Amino acid sequence: MMSMKTALVCGAGGFIGGHLVKRLKAEGFWVRGVDIKAHEYAETEADEFLIADLRDPVTCRDATDRPFDEVYQLAADMGGAGYIFTGDHDAELMHNSATINLNMVQACRKRGIKRVFYSSSACMYPAYNQEDPDNPNCAEDSAYPAAPDSEYGWEKLFSERLYLAYNRNYGMECRIARFHNVFGPEGTWDGGREKAPAAICRKVAQACSGDAIEIWGDGLQTRSFLHVDECIDGTLRLMRSDFAGPVNIGSDQMVTINGLVEMIARIAGKHIPTHHIPGPTGVRGRNSDNRLIAQRLGWAPSQALEMGLAKTYPWIARQVHAKAECVPAQQKFNIGAREVK
Ligand code: NAD
């Protein structure tokens, strides 16, 4: 182990953290994961996995009891629109995530760990620049005057500044990415914290062809979605560069939510009408502006959205069927089954 590179992944029991651990192991790192819970969908590949609460400064100190080459701070109290935009969890999520970041950056400084990655979010961009679904502005330098549309976004902005302040005052080398909607297998797909691609995959998997699924809002709001493998590529590229960020890591293939439903339905081979209901939808338009990352790191996502969805839908459909939440279409609609034959 002494000759191996070492990494600490905070939030290793989560979606992106779980994938990051796998990638670091594949690269030959010795990896310690920390999370308040075990990974729900996969056995961790970390060499050590601490189940511990990073809101506790003692946990952060214990997690950094050796000089890691790379620390990835992904732990956050987070979820999709149904969790972060209702207002019901604001105090809790701000307190939890800010406390984790305050404790972790301080623990790293005390241990002399310089290279720390922090995952911010596109949710920190001002709402006033994201009112036109066809033309949102998410360039990195559009962040101020700040006006995120959620407390989740305000906490991300605060923590970005925290890591940058540690760079400035303590000579640390923190790296900050603003992730834009990341999706893929082994992420939350039910329970209220899932994000749009996973929620839509689940609804489509549960529906029989011809059944309408419920969509929050008119479905004309726009977003872009990045497959998790690409997110890890961009993250490692930034972490090992001389550029601190903040920089967008996202896809710039913008689609409407209705368009996303159509893509997933096509992959599932089902006809899925939409039934639009009121719900938390967030800003009207959002897209990753990838000019800065292209210029500074020579990075851009390489896969079309459809390719990532084609890898994600089957995984979510399997989870749905394993939970027996779905009566397979062939059983429910005998006529459809006969037609298919
Ligand atoms: P996730 O919820 O799957 O992972 C976060 C992990 O942090 C969870 O496993 C959770 O248990 C852990 N955690 C929360 N509180 C903790 C605590 N007190 N102590 C220890 N662990 C704790 O989310 P994710 O999608 O993997 O996101 C990872 C990071 O990327 C987060 O910081 C998130 O805000 C950011 N991000 C994600 C997206 C996305 O689309 N997934 C977009 C923008 C930003």
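Mentor: Buried area is the accessible area, with a 1.4 Å probe, that two parts lose on being put together, summed over both. Keep that in mind for the domains. One caution: this is a predicted model.

Trainee: How much area is buried between domain 1 and domain 2?

Mentor: About 2700 Å² is buried between domain 1 and domain 2. Carbon and sulfur atoms give 57% of that area. In domain 1, Tyr41, Pro133 and Phe225 lose the most area to domain 2. Together these three account for 30% of what the domain 1 side buries.

Trainee: Where do the two domains run in the sequence?

Mentor: The domain assignment gives domain 1 as 6–182 + 225–249. Domain 2 is given as 185–224 + 254–287 + 304–332. The centres of the two domains, taken over C-alpha atoms, are 26 Å apart.

Trainee: How many residues of each domain are in contact with the other?

Mentor: On the domain 1 side, 32 residues are in contact with 33 residues of domain 2.

Trainee: What about polar links? How many salt bridges are there between domain 1 and domain 2?

Mentor: First the general idea. Side chains of opposite charge can pair when their charged atoms come close. Between domain 1 and domain 2, the count is two salt bridges. Ten residue pairs are in polar contact between these domains, counting pairs with both residues at pLDDT 80 or more. As for elements, α1, α3 (81–84) and β10 (226–227) each supply at least two residues of the domain 1 side that touches domain 2.

Trainee: Which side chain meets Lys22 in a salt bridge?

Mentor: That of Glu186, at 2.7 Å from N to O.

Trainee: Now the sheet. What is the strand order?

Mentor: General idea again. Strands of a sheet pair through backbone hydrogen bonds, either parallel or antiparallel. Here the sheet is open and has seven strands, with parallel pairing. Read the order as β3-β2-β1-β4-β5-β6-β11. The edges are β3 (48–51) and β11 (247–249), each pairing on one side only. From one strand to the next, the twist averages 20°.

Trainee: Take β2 and β3. How many bridges join them?

Mentor: Four bridges, in the parallel sense, with β2 covering residues 30–35. For a landmark, look at Gly33: its bridge partner in β3 is Phe49.

Trainee: Which residue forms a salt bridge with Glu48?

Mentor: Arg32 does, and the closest N and O atoms are 2.8 Å apart. Glu48 lies in strand β3 and Arg32 in strand β2, so the pair ties together parts that are 16 residues apart in sequence. A search of the whole structure finds 19 salt bridges.

Trainee: Which strands does helix α1 lie across?

Mentor: Helix α1 (residues 15–26) lies across β1 (6–10), β2, β4 (70–73) and β6 (175–179). Its direction is at about 170° to β1. Then look at helix α7 (residues 228–239), which lies across β4, β5 (116–121), β6 and β11. Helix α7 runs at about 155° to β6.

Trainee: Now backbone geometry. Which peptide bonds should I inspect for omega near 0°?

Mentor: Inspect the bond from Tyr144 to Pro145, which is cis. Pro145 is in the loop between β5 and α5 (151–170). Inspect also the bond from Gly245 to Pro246, again cis. Pro246 lies in the loop between α7 and β11.

Trainee: And phi? What is the value at Asn181?

Mentor: Phi at Asn181 is positive, about 25°, although this residue is not a glycine. Find Asn181 in the loop between β6 and β7 (182–183).

Key
Residues numbered from 1 in each chain as written. Predicted model: local features only at pLDDT ≥ 70, side-chain atom pairs only at ≥ 80, totals over all residues. Heavy atoms only, no water. Pairing = 2+ DSSP bridges. Axes fitted to C-alpha atoms, helices over the stretch in contact; angles between N-to-C directions. Contact = heavy atoms within 4.5 Å. Domains from an automatic or database assignment. Salt bridge = Lys/Arg side-chain N within 4 Å of Asp/Glu carboxyl O. Polar contact = N/O pair within 3.5 Å; in protein donor to acceptor, adjacent residues only side chain to side chain.
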